[in-house]
Amino acid sequence: MITGGQMVAGLPAINFFIMKRIVALLFIVTNALWLAAQNIQEDDSTRIVQLGEVVITGKQQPQSQRLVNFFKANQSATLEDIISRLPEMSLIRRGAYGMEPSIRSFSGGQINVMVGGMRIHGACTDKMDPASIYIEPINLENLQVQTTSNGFFNGSSVGGTVNMKMAEPDFLNNGKVTGIISSGYQTAANAFFQSARLNYSSGKWAFRTSGTYRNSKNYRSGGGKEIDFSQYEKVNYSLSAKYQYDRFTSFHADLLGDDGWNIGYPALPMDVGYAAARMASVSINRENPGKALYKWETKVYANRVDHSMDDTKRPSVPMHMDMPGESRTYGMYSEGNYRLKNKQRLAIRADISSTFLKASMTMYQTGQLPMYMLTWPDNRKDQYGLSASWQIPIDSLLSLQLTGRTDLINYRLVSREAKDQVSIVGNNTGRKDLLKNLSVLMTRKMGRNFKTSVSLSYTERMPTAGELYGFYLFNAYDGYDYIGNTVLKPERSLQAEVAGSFQSGMTRIQLNGYYSKMIDYITGEVEPSLSTMTIDAKGVKSYLNISGATVAGFEASVIVSPAVNTEFVSTLRYTNGRDNDKEPLPFIAPFKNISSARYQWQKFFAQMEYEAALPQSRIREKAGERVTAGYFLLHARLGYNSLLFKNRFDIQAGMENIFDREYREHLDWGNIPRPGRNVYLQLKVQF
């Protein structure tokens, strides 16, 4: 078991056989891209026109990034607060910390959650440590949500991809140290927050470092009830370096660390004593608008996560348990964007990664010797992927995009102990799978301001390590122990999406409707012949494929400036999911709408925001779901900025859940209410 006093070790040792294959693949791809960049170019007149196009495109932010920037302006917001307000996203909540991202009701192994294009796997069998907890708003540059036709470009998935890109050092104030210092307080959880960011550049070098500290006590829900075991404490820190080799080429190095301790999970029977992540990467980037290969990046990375569940602070524990877990991932990717003839574009990505997972449980029963078993038997997943996306203009109004990806996945058990344990319930010889993904996207401009698109996709995803090898993993939501199934088929999906957008001046409207037909859908079913391991568990479930399920819904977002200095933003979403027996799928959020109006007057701003959700009565009772009531919340925010000793000074204050409503969202575990009235104060100095 990892204790708070132990430091996490360095990055994992490299398997040289795998690394030789990594280097060989990336060497071929890198050299091909480099030669193309040096030798392939179009005539001068064509190149000048294309340079203009690149500059114009670069100034147009996608709708999702505009929404991120709007919500990020609330300086008290965590990354989870920002994600939860995006129309495609929801959060599965087990506590006040470590909420699991969901895209259109797909989660876990159905989606990819990446940091700067890097794969990272949580070390907790109970999903307490999604990758999204390792990025703070202060070191976030942008957040990309990819769905349907583009959702598998970075990795095979049936639900899409969330990619969080870290901020880079800049050269804006050469020879000077610039930065931000911020501090805040929130009343609902008696929570303190401090962060700082520094940037320095000199000549061709630039450096950026940031740090964040959060200390949150048990929060109070609507009506003033204290929610026990909802506290957490964490630090996050990063260091980035950038070397500008020439006008077009730069080298990057990034380090990121995140340490959390004393993390409570009121919806689970255990808390977290210590959770730590380390990430490191080096990359080369080249951008030259005058070349056919106008953008290219190659990155090598490694990361590790250590996690330990802890029940020592829980009263009346029938049997104490230690449950440590570890994750080790390393990999590389290389991707490039080509400009072809007739205004065609081609994006290519080659990537490879290897992930080692292990989790165990030691049970201490009074008067008996400790009992030990592996909950994630030692396993390794090797992944080799290749993807391409080809954009083809048909005419000035109509365009076609073809995207494809294939992944070779090799799962295997890597210790005799793991093989012996898995052989009790399944095949322990490992497996290889070839995943295939393909999409067609047709886009048409309807005049100057309207654009519509239709896409069709076929996607696949691998079962997770828990679904394959999990051994008596207790699910507190439905009260069952879960056992993996080594012969699960990959989950598949046929998807269709229709989208429309309107843009005129400061007004932007986006509407999407989608439908997914799931094939070989992975779910848990009761195994009456097996006995439980967890005290008071209802029974044992094993993962299996069912014939199918459907997920359909729509989402919309509006950004409009109805008057001078005024901005109105609204997002809404709705999803419906059923299996082939017409039974509701679990974890399907009801209709939800968040709308904000912000008024800026000189150095002041004022913002009102409401958040509303309808009841959810379409529930899957055998999965442990309960009917969820609807709710309506009102939030108010104020801000002022000025100069203090020639440095910019910002102060923000606000009140969330003004009427102190007691409520919960449908994806919240354990029927635990969310925070009640919360007053916050945030101070920031920029120099």
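## Buried or not

A residue counts as buried when its relative accessible area is under 20%, as exposed when that area is over 50%, and as partly exposed in between. Arginine 328 comes in at 10% relative accessibility, so it goes down as buried. Its salt-bridge partner is glutamate 326, with N and O 3.8 Å apart. Glutamate 326 sits at 25%, and therefore counts as partly exposed.

One thing to keep in mind while you look around: this is a predicted model.

## Around arginine 214

Arginine 214 is part of strand S9, which covers residues 205-216. Its relative accessibility is 7%, so this arginine is buried. What does the side chain of arginine 214 make a polar contact with? The partner is the side chain of glutamate 136, at 2.8 Å.

Glutamate 136 has company. Setting aside residues up to four places away in sequence, arginine 214 also touches Ala77, Thr78, Pro137, Phe192, Phe193, Tyr232, Glu233 and Lys234. Take the last of those: lysine 234 is 20 residues from arginine 214 along the chain, yet their C-alpha atoms are separated by 5.4 Å.

## Lysine 234 and the salt bridges

Lysine 234 has a charged partner too. Its side chain meets that of aspartate 258 in a salt bridge, 2.8 Å from N to O. This pair links distant parts of the chain, with lysine 234 in strand S10 (residues 232-244), aspartate 258 in strand S11 (residues 249-263), and the two positions 24 residues apart. Both lysine 234 and aspartate 258 are buried.

How many salt bridges does the structure hold? The total is 40.

## The network and aspartate 668

Another of these bridges joins glutamate 665 to lysine 592, with the closest N and O atoms 2.8 Å apart. Here again the pair links distant parts of the chain: glutamate 665 is in the loop between S29 and S30, lysine 592 is in strand S26 (residues 592-601), and they are 73 residues apart. Both glutamate 665 and lysine 592 are buried. They also belong to something wider, as salt bridges that share partners tie Arg85, Lys592, Glu609, Glu611, Arg637, Glu656, Glu665, Asp668 and Arg674 into one network.

Aspartate 668, a member of that network, is found in the loop between strand S29 (647-656) and strand S30 (678-686). With a relative accessible area of 2%, aspartate 668 is buried. Leaving out residues up to four places away in sequence, aspartate 668 touches Arg93, Tyr477 and Arg674. Aspartate 668 and alanine 589 are 79 residues apart in sequence, and their C-alpha atoms are 9.9 Å apart in space.

## Two buried loop residues

Alanine 589 turns up again with serine 105, which lies in the loop between strand S2 (100-103) and strand S3 (111-115). Beyond its neighbours within four places in sequence, serine 105 is in contact with Ala589, along with Gln110, Thr575, Phe587 and Ile588. Its relative accessible area is 18%, so serine 105 is buried.

Aspartate 478 is the other loop residue to look at, placed between strand S20 (473-475) and strand S21 (480-483). At 3% relative accessibility, aspartate 478 is buried. Where does its side chain reach? The side chain of aspartate 478 gets to the backbone nitrogen of tyrosine 480, at 3.1 Å. Residues up to four places away aside, aspartate 478 touches three lysines, Lys538, Lys541 and Lys622, plus Ala623 and Gly624.

## Aromatics and a nonpolar patch

The structure has 18 aromatic pairs. Phenylalanine 450 and phenylalanine 502 make a tilted one, with 4.9 Å between the centres and 50° between the planes. They come from distant parts of the chain, 52 residues apart, with phenylalanine 450 in strand S19 (residues 450-461) and phenylalanine 502 in strand S22 (residues 491-504). Phenylalanine 450 counts as partly exposed at 46%, and phenylalanine 502 does too at 24%.

Strand S9 comes back into view with tryptophan 205. At 42% relative accessibility, tryptophan 205 is partly exposed. Together with Phe207 and Tyr243, Trp205 forms one aromatic cluster. Trp205 and Phe207 also help make a nonpolar surface patch of about 630 Å², joined there by Val177, Ile181, Leu198, Tyr200 and Phe687. Strands S7 (177-186), S8 (191-202) and S9 are the elements that give two or more residues to this patch.

Terms used: Residues are numbered from 1 along each chain as its sequence is written. This is a predicted model: local features need pLDDT of at least 70, side-chain atom pairs count only at pLDDT 80 or more; totals for chains, interfaces and linings use all residues. Side-chain values use heavy atoms; hydrogens and water are left out. Helices (H or I, at least four residues) and strands (E, at least two) are DSSP runs, numbered from the N terminus. Buried means under 20% relative accessible area, exposed over 50%, partly exposed in between (1.4 Å probe, protein chains only). Contact means heavy atoms within 4.5 Å. A polar contact is a pair of N or O atoms within 3.5 Å; within protein, one must be able to donate a hydrogen and the other to accept it, and residues adjacent in sequence count only if both atoms are side-chain atoms. Patches are made of residues with over 30% relative accessible area and no salt bridge: like charges are joined within 9 Å, nonpolar side chains (Val, Leu, Ile, Met, Phe, Trp, Tyr) within 5 Å. Accessible areas come from the Shrake-Rupley method with a 1.4 Å probe; for residues, only the protein chains shown count as cover. A salt bridge is a side-chain nitrogen of Lys or Arg within 4 Å of a carboxyl oxygen of Asp or Glu. Rings of Phe, Tyr and Trp (its six-membered ring) pair if their centres lie within 6.5 Å; planes under 30 degrees apart count as stacked, over 60 as edge-to-face and the rest as tilted.
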